[in-house]
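Me: I would like to go through this model in short questions. Please show it, and we can begin with charge.

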Amino acid sequence: MRLFQILLIALWLVLVAYTGVVIARHGIDLLPVFFGDMAKVAWPGQFNLDFMCFLVLSALWTAWRSGFSAGGLTLALVAFFAGAGFLLPYLLWLTISAQGDMRRVLLGTRA
């Protein structure tokens, strides 16, 4: 479990650093680029659509594991819009609070 937690931290740090460089070079106006690539129906758009499917699944899982509570639905919105920037620290927090019990991490209120 400790190696998984270290991986989560490392991935998040790389993501934050990379995102910072991209914002510094290109600004924070992501949505027109994201959906513009999809509208072109080319490989960058295909990747964005594929990624958006993962965002939907991440948001649904986040809401589901919280029993679709108000807090869970709020976290689901954050999961959808923040992607791995949310999911990596969320999983780290869950693994720590569940003391490594992956059943509790994955199932939440249903465990």
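Me: How far apart are the mean positions of the positive and negative charges of the protein?
Reply: Lys and Arg count as positive, Asp and Glu as negative, with His and the chain ends left out. Each charge is placed at NZ of Lys, CZ of Arg, CG of Asp or CD of Glu. For the 7 positive and 4 negative charges, the mean positions are 13 Å apart.

Me: What are the ground rules here?
Reply: This is a predicted model: local features need pLDDT of at least 70, side-chain atom pairs pLDDT 80 or more, while totals for chains, interfaces and linings use all residues. Residues are numbered from 1 along each chain as its sequence is written, and side-chain values use heavy atoms, without hydrogens and water.

Me: Which pattern does the protein follow along the sequence?
Reply: Helices are DSSP runs of H or I with at least four residues, strands runs of E with at least two, numbered from the N terminus. The protein has 6 helices and 0 strands. Its pattern reads α-α-α-α-α-α.

Me: Which helix gives the largest share of the largest nonpolar core?
Reply: Such a core joins buried Ala, Val, Leu, Ile, Met, Phe, Trp, Tyr and Cys residues through side-chain atoms within 4.5 Å; buried means under 20% relative accessible area with a 1.4 Å probe, protein chains only. This one has 13 residues, with Leu8, Leu91, Leu94 and Val105 making the most contacts inside it. H3 (43-65), H4 (70-82) and H5 (84-97) each supply at least two. The largest share, 6 residues, comes from H5.

Terms used:
Buried means under 20% relative accessible area, exposed over 50%, partly exposed in between (1.4 Å probe, protein chains only).
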